[in-house]
Amino acid sequence: MEMKKRISLELRNRDPAEVAELVVDNCRSSDGEVEGLTDQYKELELLSMVNVGLTSLAKLPSLPKLRKLEVSDNSISGGLDTLAEKCPNLTYLNLSGNKIKELSTVEALQNLKSLQSVELFSCEVTRLEDYRDSVFELLPQVTYLDGYDQDDNEVPDSEGDDDDDDTPGPPGGRDNEDDDDDDDEVSDGEEEEVGLSYLMKEGIQDEEDDDDYVEEEEEEDEDGDEDGAAVQGEKRKRDPEDEGDEDDDEDDE
């Protein structure tokens with residue numbers, strides 16, 4: 001896809017003056033120059049044109065608020081002095097994978113006074129002896145070269161990737177997690193309430209069963225007492241008769 005068309009699609013019916021970030025990686029420049037960008041993109045802070053076939057940055061428009069420029073994997077070999085005029089507030093520049101061979105080409109970045117981080121991975125200039133020391137000497141304002149400072153300390157996440165600070169996290173972020181925790185707590189509470197209700201219900205049922213069992217025992221005891229009383233009554237009734245029979249036997253004798 002041509003760069004002009006890609007930029008038009010990325011606008012999504014917005015006014016160019018409203019665009020803060022523009023990524024047009026892997027499209028194609030028809031003549032090796034920047035196409036489709038104008039001075040109207042005055043609020044642009046991040047511009048990424050990775051692998052688009054650029055050979056020059058001469059036609060880059062004035063972008064006074066641009067802080068991060070990604071132009072890796074192109075065929076740029078020079079003309080970097082134009083950046084100080086077009087992008088005076090640039091803090092991060094990625095030129096990795098371009099055709100930069102000489103330190104003199106890099107020296108053109110001296111006038112970018114706000115420049116903090118430069119990346120030149122896979123450029124021929126990195127094969128030169130004392131490459132790192134030479135670049136830090138040429139560009140005293142630069143803190144990080146290819147991701148490391150002069151003492152080989154790695155660049156912090158907030159450096160050389162300034163847009164990360166502006167990148168919002170997942171909607172709700174930690175709040176959603178807290179909500180989930182609250183939901184879990186509520187669910188646990190409900191389960192505890194259900195469990196207690198069940199146990200209480202079981203306890204009540206057991207007590208009712210015990211009461212029924214006690215009542216049955218009492219009824220059985222009462223029935224037993226009545227049967228015993230009846231037997232004793234019969235005994236009492238029979239005893240006098242038995243005594244009368246014994247008296248008759250004695251008289252016969």
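Is E43 buried, partly exposed or exposed? E43 counts as partly exposed, because its relative accessibility is 27%. This value falls between the limits of 20% and 50% that bound the partly exposed class. The structure described here is a predicted model.

The overall fold was examined before the charged pairs. The protein has 253 residues, and buried residues make up 32% of them. Its secondary structure comprises 6 helices and 6 strands. Along the sequence, these elements follow the pattern α-β-β-β-α-β-α-β-α-β-α-α. The chain pattern therefore begins with a helix and ends with two helices.

The 6 strands form an open sheet. Their order is β1-β2-β3-β4-β5-β6, and the pairing is parallel. β1 and β6 (144–145) stand at the edges of the sheet. Each has a single partner strand, so one side of each is left without a neighbour in the sheet. Strands of a sheet pair through backbone hydrogen bonds, either parallel or antiparallel. For β1 and β2, the pairing is parallel and runs over 3 bridges. One residue pair illustrates this contact: E21 has L46, in β2, as its bridge partner.

Salt bridges were considered next. Side chains of opposite charge can pair when their charged atoms come close. A search of the whole structure finds 6 salt bridges. One of them joins K59 to D31, with 3.9 Å between the closest N and O atoms. This pair links distant parts of the chain, 28 residues apart. K59 sits in the loop between β2 (46–48) and β3 (68–70), whereas D31 sits in the loop between β1 (21–23) and β2. D31 is partly exposed, because its relative accessible area is 44%.

Another salt bridge connects K65 with E43, the residue of the opening question. Here the closest N and O atoms are 2.9 Å apart. K65 lies in the loop between β2 and β3, and E43 in the loop between β1 and β2. The pair therefore ties together parts that are 22 residues apart in sequence. K65 is partly exposed, at 41% relative accessibility. E43 is also partly exposed, at 27%.

The loop between β2 and β3 also holds P64. P64 counts as partly exposed, with a relative accessibility of 35%. P64 and K86 are 22 residues apart in sequence, yet their C-alpha atoms are 6.7 Å apart in space.

A further salt bridge involves E70 and K68, whose side chains meet at 3.8 Å, N to O. Both residues are buried, because their relative accessible areas are 15% for E70 and 9% for K68. The cut-off for a buried residue is under 20%. Elsewhere, salt bridges that share partners join R6, E10 and R12 into one network.

Charge also appears on the surface. E129, D130, D133 and E137 form a negative surface patch. Within this patch, E129 lies in the loop between β5 (117–119) and α4 (131–138). E129 is exposed, because its relative accessible area is 71%. The cut-off for an exposed residue is over 50%.

Definitions and conventions: Residues numbered from 1 in each chain as written. Predicted model: local features only at pLDDT ≥ 70, side-chain atom pairs only at ≥ 80, totals over all residues. Heavy atoms only, no water. Salt bridge = Lys/Arg side-chain N within 4 Å of Asp/Glu carboxyl O. Helix = DSSP H or I, 4+ residues; strand = E, 2+ residues; numbered from the N terminus. Buried < 20%, exposed > 50% of the residue type's maximum accessible area, 1.4 Å probe, protein only. Patch = residues over 30% accessible without salt bridge, like charges linked within 9 Å, V, L, I, M, F, W, Y side chains within 5 Å. Areas by Shrake-Rupley, 256 points an atom, 1.4 Å probe, with all protein chains shown as cover. Lys, Arg positive; Asp, Glu negative; His and termini not counted. Charge placed at Lys NZ, Arg CZ, Asp CG, Glu CD. Pairing = 2+ DSSP bridges.
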